[in-house]
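Let's walk through this model together, one question at a time. Here it is for you to look at.

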Amino acid sequence: MSDLIAAAQHLFPELVDLRRLLHRFPEQGNHLPETRRIVLEALKGLPLDIVAHETTSGIVAALEGDHPGPVTLLRADMDALPVTEATGLEFASSHDGFMHACGHDLHTAMLVGAARLLSSMKSGLAGTVLFMFQPGEEGFAGARFMLEEGLLSTVKDRPSSAFAIHVNTWTRTGVVLHRKGPQLASADEARVTLRGKGGHASAPYLSYDPIPVAAEIVLATQTAITRRINVFEPGVVTFATVTAGTTHNVIPETATMVATIRAVSESTRDQLHALINRVVPGIAAAHGVEAEVEIKLGYPVTVNDPDHTAWVDTVARDTLGDNCVAWMDSPIMAAEDWGYVLREVPGTMSFLGACPPELEPGRAPGLHSDRAVFDEEAMITGTALHAAIALANGNRGA
C-alpha cells in the first residue's frame, strides 16, 4: 500500500494542472457541460467503460479488474458555488459569480488520479471500480438523481463498498478524519409566513403586527429545542432570514421567515419538524396572527457504516501511517448528499486535511469562503487512499 503514495506523487503535476483547469471554469448545479468535457478528456485513453448520465452531467466510469471480485464505488463531486472569488490566485475563477470554494475541484482531480493509478494496476486488480463523478452536491441533490438514473446498476453487481473524501482547512495537509455512525447532519428548510393586519406604526393596537410575533417565534423555538430535544442527539434550527416591512412608520401585513433544520438522527429530525409545526402556529394564534409553515425536505443524515468505517480506518493507517489518521469525536452539522448513497451501500466519507502550510489549521478561510484556498499536495494522499480502498475491497472480496 505504501507504494501508492509514490505512484500518486508521480501523478501529482498532472493533477495540479487538472485541478487548476477545473478551478478556472467553475459551474453550478446539475448541468456542468464544460466540467464534464474536461473530466471526460482527462479520462480518455484509460480502459474504462464510461456512462454519461442524461438527467444530469454525472459520469460513471467502470474499471474491470483482471480478477473477479466485488464492486467498489468511489465518488467525487464536481460542482461549484455561487461565490465571487477573492483569493487572488493566478488560476482564479474566470466565471464571474462562481467559485470552487468547497474543494470539489480537488475531489475531482483526486478521483481522476485514482482512475489513472488503478488503470495502470488493472492486471492485479480484483473486482470492478465505479468512479462516480457527481454534479449538484451544493443543494441540487445530484447524488439522488444519479441513483434514480441507475448508478448502482451500472454493472451487473451492486457495489459492496462506497467511499468518498471531502477536503477541509481545519486540519493539516494529509490527515484523514472520520467517525462511525453519523458524520454529517440532515438539512431541511422551514419557510414560515405570518399574516396579520397592517397599519400605522404609531397605533399598533389597531393592527396585528407580525414582526414581534416573528421575534417571539425565533426565541421560543430556541428555548423549545433545549427542553424537547435530547442533548446527546443534537438538533439545530436557525432562522437565517426574516423579511417584513418597507419603512419606519408602517406596520406590515406579513412577515416571512426561513430557517435551516439540522439533525444527526432521523428521530431528532422528526422531532424538530413537529416542534416547528407546534410552536409557530401556537405563538401566532396567541397574537391573533395567521401562520403558514412549509417544511422542505433536504439531504438525509450522512451515516458512515460502523463496520465499513472501521475497515476504512485500517486501510488508511496501512497506507498513510497511524500519524495521518484520526477518529472524529463528534459529527459536523453541515450536510452532504453522499448520505443518499450511504442509505443504499455500506460506506464511509472521510475528511482530508488540505490547509496550506503558511496558514494555521482552523483559522484559515473555511469551506464556502470567497477566500478559501487549499494545499494541492493533499491530492497525493486522496488519490492514494481512493486507490487503496478499491484494491483492499477487491482483496477482501476475492
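Q: How many bridges join E10 to E12?
A: First, a word on the model: it is predicted, so local features need pLDDT of at least 70, side-chain atom pairs count only at pLDDT 80 or more, and totals for chains, interfaces and linings use all residues. Residues are numbered from 1 along each chain as its sequence is written, and side-chain values use heavy atoms, with hydrogens and water left out. Strands here (E, at least two residues) and helices (H or I, at least four) are DSSP runs numbered from the N terminus, and two strands pair if DSSP finds at least two bridges between them. E10 and E12 run antiparallel, and the bridges joining them number 9.

Q: Which residue in E12 stands opposite Ala244?
A: Strands of a sheet pair through backbone hydrogen bonds, either parallel or antiparallel. E10 and E12 are antiparallel. Opposite Ala244, you will find Ala255.

Q: What is the order of the strands in the open sheet of 4 strands?
A: The pairing in this sheet is antiparallel. Its edge strands, each pairing on one side only, are E10 (235-244) and E13. From one strand to the next the twist averages 20 degrees, and the order is E10-E12-E8-E13.

Q: Which helix lies across E8, E10, E12 and E13?
A: Contact means heavy atoms within 4.5 Å, while axes are lines fitted to C-alpha atoms (for helices over the stretch in contact), with angles from 0 to 180 degrees between N-to-C directions. Helix H5 (residues 210-228) lies across E8, E10 and E12, at about 175 degrees to E10. The helix across E8, E10, E12 and E13, which runs at about 165 degrees to E13, is H6 (residues 266-286).

Q: What volume does the largest pocket have?
A: On a 1 Å grid over the protein atoms alone, a pocket is an open set of points where a 1.4 Å probe fits, with protein on both sides within 12 Å along at least five of seven lines; lining residues have an atom within 4 Å of a point. Grid points are joined across faces, edges and corners, and a volume is the space filled by probe spheres set on the points. For the largest pocket, that comes to about 720 Å³.

Q: Which residues that line the largest pocket are the closest to its centre?
A: Strands E5 (161-172), E8 (186-195), E12 (254-263) and E13 (290-299) each give two or more residues to this lining. Of its 29 residues, the closest to the centre are Gly139, Ala187, Arg262, Tyr299 and Ala335.
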